[in-house]
Amino acid sequence: MFKQVWQRIRELSGDDAYERYQSHYAVHHAQQIDAPPLLSREDFFKQWQDNQWKGVKRCC
Amino acid sequence: MTITKKIIWGLLAVLGAYAVSVIALHRGESINALWLITAALCIYAIAYRFYAAWIAAKVLVIDETRATPAERLDNGRDFIPTNKWIVFGHHFAAIAGPGPLVGPTLAAQFGYLPGTLWILVGAVIGGAVQDMVTLFFSMRRNGRSLGQMARDEIGVIGGTAALVGTFLIMIILIAVLGLVVVNAMKHSPWATSTVAATIPIAMIVGVYMRNIRPGRVLEASAIGVALLLFSVLAGGWVDHNATLRVWFDHDGLPLAYAIIVYGFAAAVLPVWLLLAPRDYLSTFMKLGTVLLLAVAIVILRPEIHMPAVTQFTDGTGPIFGGKLFPFVFITIACGAISGFHSLIASGTTPKLLSNERDIRMIGYGGMLLESFVAIMAMIAATVLEPGVFFAINSPAGVVGKEAIDAVAKINSWGFAVTVEQMEQLAKDMGESTLFARTGGAPSLAVGMASIFGNAFGKHLLALWYHFAIMFEAIFILTTLDAGTRVGRFMLQDMLGNFHKKLGETSYMPSVILTSSLVVAGWGYFLYIGVIDPNGGVNILWPLFGIANQMLAAIALSVATGILVKSGKLKYAWITGVPLTWLVIITTTASYQKIFSEDVRVGFFAAANDLSAKLASGVLPPDKASVAPQLIFNQHLDAYLTLFFVVVLWVVVLDMLRMCWRYQNTRGVLPSSETTYIATQL
């Protein structure tokens, strides 16, 4: 129960975004020949954060 | 439905109806806040279980077997099939801003009843429906934005109107929110130093999660929240330190300039340094405080002291001028229906849904929760003694600058309050004065502090008060940062049509130019608001309300148009009814703001009155010096209101023209809905 709640909090805040990216990469890109290389945690986070702030994100 | 379930829902309906009749018919000294909570929860539950479910099944015809854009276009970046609770969290964090806290606080001048009823009815019939159908239509169109949908489905006019409307709302919203923060910090070293401290704290958090421990978002946020709580405590020390406190003790104008400079910096600096970390902190604070407030209200069951309806329904209210109809609807704004939500519901949220059935919980349910936040803000405002509430929220221009005059005026309305009582209250809250602290934040903070103080210890009142101010300021400033940035992107997008280079988001001269223009836009309204002896909120908030309702009307027009085009004319009332109501209130309010003879309502009337006074030389020198600017501003506001109402009518008529053509089998634009693909999830 506690573990599940913690997992949800991590997911909601993006704390586990890199782990999720890794598994997405493993499923979708690892087998491709021309796939882009796996990003490091630091590079991934930079991309992820910049990507989050496109468009209207916050309201009144 | 089984017989037991039928009985349970029947009982819930009876309880809800009883609670509503209690809050509507009660005419005693005070009423328990739990009645408002009960009425709200019963109404939400029934609306969600029956109305929303019916809309989802019969009107929208949700198809659980259909693959969502998140599944079809999954790219691990913006299109990601996501658990519904996570999407709900993101969606709610995005839609819930300071609006539902400020609106009900101001609308409480009519008494607790009118605002509460509109928060409940407006959300169930209007706001939640708008959010849900917009989310649905956007999801069926690969997550297209409201503006794109308006252009694709109705025509170029609607699309352009949505774009321009959004931009102008942003400008006015940021100005009024900036004004709320300025009024909360004015001559309050504690509040000012605490709010100022949130800037370096956000930067520390930003550097931590970018460079020190990349991607460790929760660690960084925990550090940030701890520092924020510490900054509330440290603000108290600053306040008690004779040398330090003068650094943070300022008039409104320097504080407004500081916010303008800050807004510019936030729009130009990289997001990771200020905007993103501040947003994390504000989201945690927001969710935490709302939860805490709900728990405190349920444990404490505070008494509401404000009458159900006050005499100010006649339009003579001190906080803002104008009669109950239409101004209670304009003032409540976001807690009942907010056009702004349609931008979120057609932005990131539709790209995350893993199944169509989730839209009821996320679209409809998300808005119900927002409406509940507005109910809590209403409770926090009305648990104050009405005399105290009016003393805090009435501008000096209405009740007089001196405490003794203000008290006499408020007593003459039949609300008891004394100078000593206000002085004691200010002392308890660690402020020098609480008279004429307009904008809603201070009175909400006093209300929250007294609720928290009763629940968790009275000796900490001043800490709770400044905690509440910090909590409001941090997410007002987040909206200000994010809004300025979005405004900048929109402007760059528009200018890019004329000169390609200006459209590049990383081209520095363009960044500086567009950021300056956006900041100058809201900075102007903020400046005028600060120099206005009536506090400015009384002008800016209705303007914001009108603009936001106009955007909601555009969203509902798009939805109604799509429903008719999909051959669902007989169901088009689900968006048609709230649309009609919004058109009525927005048009009436705009008409009154432009043409009313009452100087506290009509912009031209106010401008003419001030001009006459200036010409005859009856104004004191300090007022005479700012009068020309105020006169100009009243004219500008009148034309802006006119512009909003014209845009509204153009969009509605364009939608009706399209519907007429469709019903008479003339050509209309083809539906841009994507074709069916079965889900594999």
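# A guided tour, starting from a loop in chain B

Begin by selecting B:Ala333, which sits in the loop that joins H14 to H15 of chain B. What you have open is a predicted model. B:Ala333 has a phi near 50°, a positive value in a residue other than glycine. Is this residue buried or exposed? B:Ala333 counts as buried, because 33 C-beta neighbours fall inside 10 Å.

Now step back to helix H14 (residues 324–332) of chain B, where you will find B:Pro326. Show the backbone here: the peptide bond running from B:Phe325 to B:Pro326 is cis, and its omega is near 5°. As background, most peptide bonds are trans, and most residues other than glycine have a negative phi.

For a second positive phi, jump to B:Thr665, in the segment after helix H27 (621–663) of chain B. Its phi is about 50°, although B:Thr665 is not a glycine. The surroundings are another matter: B:Thr665 is exposed, since 7 other C-beta atoms lie within 10 Å.

## Zoom out to the two chains

Colour by chain and take chain B first. Its secondary structure comes to 27 helices and two strands. The radius of gyration of chain B is 25 Å, close to the 26 Å that the globule rule gives for 681 residues, so chain B is as compact as a globular protein of that length. Along the principal axes, the C-alpha atoms of chain B fill a box of roughly 70 × 65 × 60 Å. Of the 681 residues in chain B, 56% are buried. Among contacts in chain B with a separation of 6 or more, 81% join residues 24 or more positions apart.

Next, select chain A. You will see three helices and zero strands. Chain A has a radius of gyration of 14 Å, whereas a compact globule of 60 residues would be near 10 Å. The box for the C-alpha atoms of chain A is roughly 45 × 35 × 20 Å along the principal axes. Of the 60 residues of chain A, 20% count as buried.

If you colour by confidence, chain B averages a pLDDT of 94, and 100% of its residues score at least 70. Among the elements of chain B, helix H6 (residues 112–139) has the highest mean pLDDT (98) and helix H21 (residues 441–456) the lowest (89). For the complex, the predictor gives an ipTM of 0.91 and a pTM of 0.95.

## Where the chains meet

Select the residues at the contact between the chains: 35 residues come from chain B and 24 residues from chain A. On the side of chain B that touches chain A, the elements giving two or more residues are H4, helix H10 (217–240), H13, H15 and helix H22 (461–496). Which of these gives the most? That is H4(B), with five residues. By class, this side of chain B has 19 nonpolar, 13 polar and three charged residues.

Stay with helix H4 (residues 84–95) of chain B. At 1.5 Å a residue, its 12 residues should span 16 Å, and the end C-alpha atoms are indeed 16 Å apart. Nine of the 12 residues of H4(B) are buried, so this helix is largely enclosed by the rest of the structure. Among those buried are B:Phe88, B:His90, B:His91 and B:Phe92. Show their partners too: the buried residues of H4(B) pack against helix H1 (2–13) of chain A, and against helices H13 (275–300), H15 (341–345) and H16 (359–382) of chain B.

While H22 of chain B is on screen, pick out B:Phe467, which lies in that helix. B:Phe467 counts as buried, because it has 24 C-beta neighbours inside 10 Å.

## Into the core

In the largest nonpolar core, which has 228 residues, select B:Ile172, B:Val176, B:Val181 and B:Leu540, which touch the most other members. Helix H24 (residues 537–565) of chain B supplies the largest share of this core, 20 residues. Focus on B:Val176: beyond its neighbours within four places in sequence, it is in contact with B:Val537, B:Leu540, B:Trp541 and B:Phe544. Another core, of six residues, lies apart from this one and includes B:Phe603, B:Ala606, B:Leu610 and B:Ala638.

Finish at helix H17 (residues 386–393) of chain B, where eight of its eight residues are buried. They include B:Phe389, B:Phe390 and B:Ile392. Display H16, helix H19 (403–412), helix H20 (419–428) and H21 of chain B alongside, as the buried residues of H17(B) pack against these.

Methods:
Residues numbered from 1 in each chain as written. Chains lettered and ligands numbered in written order. Predicted model: local features only at pLDDT ≥ 70, side-chain atom pairs only at ≥ 80, totals over all residues. Helix = DSSP H or I, 4+ residues; strand = E, 2+ residues; numbered from the N terminus. Expected span 1.5 Å × (residues − 1). Contact = placed C-beta atoms within 7 Å. Core = buried A, V, L, I, M, F, W, Y, C linked by C-beta atoms within 7 Å. Nonpolar A, V, L, I, M, F, W, Y, C, P; charged D, E, K, R; others polar. Rg over C-alpha atoms; globule rule 2.2 N^0.38 Å. pLDDT = per-residue confidence, 0-100.
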